[in-house]
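Here's a quick tour for anyone about to set up calculations on this one. Have the sequence and the 3D view open while you read.

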Amino acid sequence: MKRIYEPLAYTDRPIKERYWNRFLPDPAPHYAPVRDEVTAEFAVIGGGYTGLSAALTLAEAGADVVLLEAQRPGWGASGRNGGLVSVGSAKLADDALLRRYGETDTRQFFAAERAAVDLVERYVDELELDVDRHSRGYTFVAHRPDRVAELHAYGEEYNRRYGLPYEFVPKQEMAAQGLNSPEFHGAVNLPVGFALNPMKFLLGLTRAAETAGVRMFSETPVQKISPHDGGYLLQVPGGQVRAKRLLIATNGYSSDDLPGALAGRYLPVQSNIMVTRPLSDAEIAEQGWWSEQMVCDSRTLLHYLRLLPDRRLLLGLRGSVRVSEDNISATRAKARADFNRIFPAWRDVGTEYFWSGLICMTRNLVPFVGAVPGMNGAWASLGYHGSGVCMAPYSGALIADQALGRHRLPHPDLMQRPLRRFELGRWRRMSLPLAFSWYYIKDRI
Ligand SMILES: Cc1cc2nc3c(=O)[nH]c(=O)nc-3n(C[C@H](O)[C@H](O)[C@H](O)COP(=O)(O)OP(=O)(O)OC[C@H]3O[C@@H](n4cnc5c(N)ncnc54)[C@H](O)[C@@H]3O)c2cc1C
């Protein structure tokens with residue numbers, strides 16, 4: 001497996017202190033690894049939201065499906081995220097999307113992003129999942145006074161996209177909405193999205209896939225993919241899997257040789273989260289932050305935050321380049337310093353949890369969800385740019401539909417264009433320190 005991060009990234013170390021571990025049942029769902037030979041019509045590689053949703057969609061249509069997960073379902077980003085369900089899976093602004101892809105396809109993309117939020121809602125309702133849902137849409141805040149105009153522009157953009165109203169909240173009215181922080185200078189409330197407990201969602205999808213008849217295998221890293229007899233032969237440590245069709249759902253934990261068609265065409269980036277101890281009513285009143293909205297700020301290296309149902313504050317941030325013990329400590333300290341600036345009244349409130357994981361960017365700056373070039377009967381879905389709690393399950397359903405030869409959901413062409421290669425190929429991570437330094441400066445000037 002040609003992976004591009006330090007080995008530590010692929011161990012349990014980054015999730016040792018993960019808040020969501022508290023929600024794992026005891027015993028946690030366990031699936032045996034593949035032993036000897038397994039045959040199926042469809043093989044799904046990767047047990048995160050993408051893979052689980054793809055496998056569930058296939059099994060519900062009556063297909064014979066195996067899901068192969070290198071560790072255990074939810075081990076990747078799907079068991080580590082902040083639980084913010086919202087649009088935003090492209091790294092291009094609306095006008096850039098329009099220029100690059102034209103009106104019709106860009107509209108399809110907006111429809112797909114909206115449908116992705118609806119799909120999570122449908123999964124939660126139909127599977128009767130208790131996911132600790134909160135937040136009406138989400139709130140975007142300006143991290144500097146001169147970014148307030150951006151809020152209006154963003155609200156207008158939203159309005160043009162979805163025909164839905166937005167609410168502008170000037171700085172002096174933020175405290176009345178429970179959003180009091182010296183760091184934020186205005187807000188817009190945007191109507192689409194909500195927050196959930198990502199582990200409860202993950203466990204619900206895992207159960208549903210198993211109940212629908214998916215044969216699930218943990219601790220089964222696919223090490224080699226070869227064409228075989230009109231389908232594929234997958235080498236795993238305990239044996240091999242033969243499948244007619246293949247769905248690749250490995251996102252930020254992909255390898256450059258699985259398959260070679262993806263080599264140099266996806267870029268994993270670290271994302272980090274800290275969670276405090278529960279806050280008392282007095283502490284919440286002192287800071288004046290009691291909003292149940294999920295919040296993102298206007299930085300390029302953005303912060304996202306939400307007050308969890310048990311009154312802990314969750315703060316997420318980007319910007320760490322290497323996965324090493326030193327970097328984990330340094331990022332934890334940076335998260336804490338940012339937190340103290342945003343919430344000065346809580347500077348003595350301890351951090352109880354801190355963890356990290358890999359999200360996935362593409363050179364196209366939009367997700368890739370489609371047929372793998374040069375591989376008959378193989379599809380892949382990846383690259384949600386850190387916004388995959390809804391786009392991942394949605395895209396999993398899209399590639400499952402493609403593999404079944406049917407079309408039910410908006411699937412824009414722009415998500416199916418072959419992935420461009422990053423200029424630095426297998427050395428593409430080397431671009432990150434420079435990019436992060438530039439974003440850091442841009443966020444400050
Ligand atoms: C810290 C953090 C916070 C985030 N916060 C948010 C948020 O609040 N909102 C939001 O929308 N998005 C968020 N995201 C992003 C979101 O979690 C992801 O986009 C989404 O979970 C991707 O799902 P996935 O199934 O495609 O990939 P993953 O969940 O990463 O799953 C990929 C799986 O593939 C497996 N795998 C890899 N290679 C192989 C192989 N060769 N054989 C078998 N299995 C293999 C891995 O073990 C892994 O379990 C966050 C991500 C992180 C890391």
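## Ligand shell and domain contact

The residues in the shell around the ligand split into 19 nonpolar, 23 polar and two charged. Keep in mind that this is a predicted model.

So who sits around the ligand? There are 44 residues surrounding the ligand, and the closest are Gly48, Gly76, Gly82, Gly357 and Gly388. As for secondary structure, α1 (49-60), β12 (267-276) and β16 (351-361) each chip in at least two residues of that shell. The largest share, four residues, belongs to β16.

Now zoom out to the domains. The chain is carved into domain 1 (7-82 + 199-267 + 363-444) and domain 2 (127-194 + 269-357), with their C-alpha centres 28 Å apart. Each of domain 1 and domain 2 gives at least three residues to the shell around the ligand.

Where the two domains meet, the contact takes 24 residues from domain 1 and 24 residues from domain 2. On the domain 1 side, the elements giving two or more residues are α5 (198-211) and α9 (431-444). Of these, α9 brings the largest share of that side, seven residues.

Here are the two residue make-ups next to each other:

| Region | Nonpolar | Polar | Charged |
|---|---|---|---|
| Shell around the ligand | 19 residues | 23 residues | two residues |
| Side of domain 1 that touches domain 2 | 14 residues | four residues | six residues |

Conventions
Residues numbered from 1 in each chain as written. Predicted model: local features only at pLDDT ≥ 70, side-chain atom pairs only at ≥ 80, totals over all residues. Domains from an automatic or database assignment. Contact = placed C-beta atoms within 7 Å. Nonpolar A, V, L, I, M, F, W, Y, C, P; charged D, E, K, R; others polar. Near = placed C-beta within 6 Å.
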